[in-house]
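Visitor: I should like a close look at a single helix and its surroundings. Please describe how that part sits within the whole model.

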Amino acid sequence: MSPSLTVRRIAADQGAVFRELRTASLREAPYAFGATLEDALSADVASFDATAADRAVSVSTSTFILYTEGHPAGLIEAHFDDTAARRAFVCELWVAPAVRHLRGGELLVDTAGSWLAAEGATEIFAWVADANRNAMRFYEALGFNQTGEHRRVARAPEQIESLLVRHVPGTSQVSQQ
Ligand SMILES: CC(C)(COP(=O)(O)OP(=O)(O)OC[C@H]1O[C@@H](n2cnc3c(N)ncnc32)[C@H](O)[C@@H]1OP(=O)(O)O)[C@@H](O)C(=O)NCCC(=O)NCCS
């Protein structure tokens, strides 16, 4: 039987859970993220407490946590950028290998997207490394499309990442071109 998966917004006192998930994701899938495991391990533990406290209540940035049978098993960040366009992004997505292909990633993206939509987003963006074929196919399966925008991966400038977008159903769509 498949384990039951749930997603909840991070709580203010979940700094330790946040640190555990971030380090697990950076250790398991270093190719997928801008930060490195060394960044996370060298960061002050208190900084994770401060981030959790902020993301539990902020209207511009949040983190959502995936649970399987009550145990933390994945996460995603949702935020608005600070440009005039105030574009909405999901990032830092990771699902623990033991519970992949059970729709946990989809639940995380949909929950984060719903939160962004409730805060006013009409489009949800995601940067995905071209070399990360699994993530690219995952986002495309969820209805994300290429915007045509590309940039170098900051951590590995020889690599390219592409900007994907999914429109929020039932909202007017603002062209980014
Ligand atoms: C990408 C990731 C989050 C997907 O999580 P997941 O919980 O396994 O994904 P889901 O079960 O919700 O998949 C939903 C759909 O996406 C597609 N999909 C998911 N993983 C896929 C893969 N490896 N290859 C092709 N399609 C995939 C499938 O269509 C899937 O539906 P299906 O299972 O009915 O075929 C997970 O593989 C992961 O954490 N990878 C490492 C970190 C990473 O790359 N993060 C993204 C950074 S941009």
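**Helix H4 and its surroundings**

Guide: Immediately after H4, Gly 120 adopts a positive phi of about 115°. The model is a predicted one, and the helix in question, H4, runs over 104–118. Its length can be checked: at 1.5 Å a residue, the 15 residues of H4 should span 21 Å, and because its end C-alpha atoms are 21 Å apart, the two values agree.

Next comes the burial of the helix. The buried residues of H4 are Gly 104, Gly 105, Leu 108, Val 109, Thr 111, Ala 112, Gly 113 and Leu 116. An α-helix has 3.6 residues a turn, so residues three or four places apart point the same way. The cover over the buried residues of H4 includes strands E1 (5–9), E2 (61–68), E3 (71–80), E4 and E5 (123–129), together with H5.

One of these buried residues, Ala 112, also belongs to the largest nonpolar core, which has 35 residues; Ala 112 is among those with the most contacts inside it, as are Phe 64, Ile 76, Val 90 and Ala 126. The largest share of this core, 6 residues, is supplied by E4. In soluble globular proteins, nonpolar side chains tend to be buried together. Phe 64 links several parts of this picture: leaving aside residues up to four places away in sequence, its contacts include Leu 108, Thr 111 and Ala 112, three of the buried residues of H4. Phe 64 also touches Val 7, Arg 8, Arg 9 and Ile 10, as well as Leu 75, Ile 76 and Ala 78.

The helix also takes part in the surroundings of the ligand. The ligand is surrounded by 19 residues, and the closest include Gly 105 and Glu 106, both of which lie within the 104–118 range of H4; Arg 100, Asn 134 and Ala 141 are likewise among the closest. Strand E4 (88–95), H4 and helix H5 (133–141) each provide at least two residues of this shell, and H5 contributes the most, with 5 residues. Sorted by class, the shell comprises 10 nonpolar, 5 polar and 4 charged residues.

Strand E4, which helps to cover H4, has a backbone feature of its own. Glu 92 lies in E4, and its phi is near 55°, a positive value in a residue other than glycine. Glu 92 counts as partly exposed, because it has 19 C-beta neighbours inside 10 Å.

Finally, an unreviewed UniProt entry carries the annotation "domain: N-acetyltransferase" for residues 5–166. Over those residues the chain is 34% helix and 36% strand, with end C-alpha atoms 23 Å apart.

Definitions and conventions
Residues are numbered from 1 along each chain as its sequence is written. This is a predicted model: local features need pLDDT of at least 70, side-chain atom pairs count only at pLDDT 80 or more; totals for chains, interfaces and linings use all residues. A residue is near a molecule or strand if its C-beta atom, placed from the backbone, lies within 6 Å of it. Helices (H or I, at least four residues) and strands (E, at least two) are DSSP runs, numbered from the N terminus. Ala, Val, Leu, Ile, Met, Phe, Trp, Tyr, Cys and Pro count as nonpolar, Asp, Glu, Lys and Arg as charged, and the others, Gly among them, as polar. UniProt positions are given in the numbering used here, feature names are shortened, and annotations may be inferred rather than shown by experiment. The expected span of a helix is 1.5 Å times one less than its number of residues. A residue is buried if 20 or more other C-beta atoms lie within 10 Å of its own, exposed if 12 or fewer, and partly exposed in between; C-beta atoms are placed from the backbone. Two residues are in contact if their C-beta atoms, placed from the backbone, lie within 7 Å. A nonpolar core is a set of buried Ala, Val, Leu, Ile, Met, Phe, Trp, Tyr and Cys residues joined through C-beta atoms within 7 Å.
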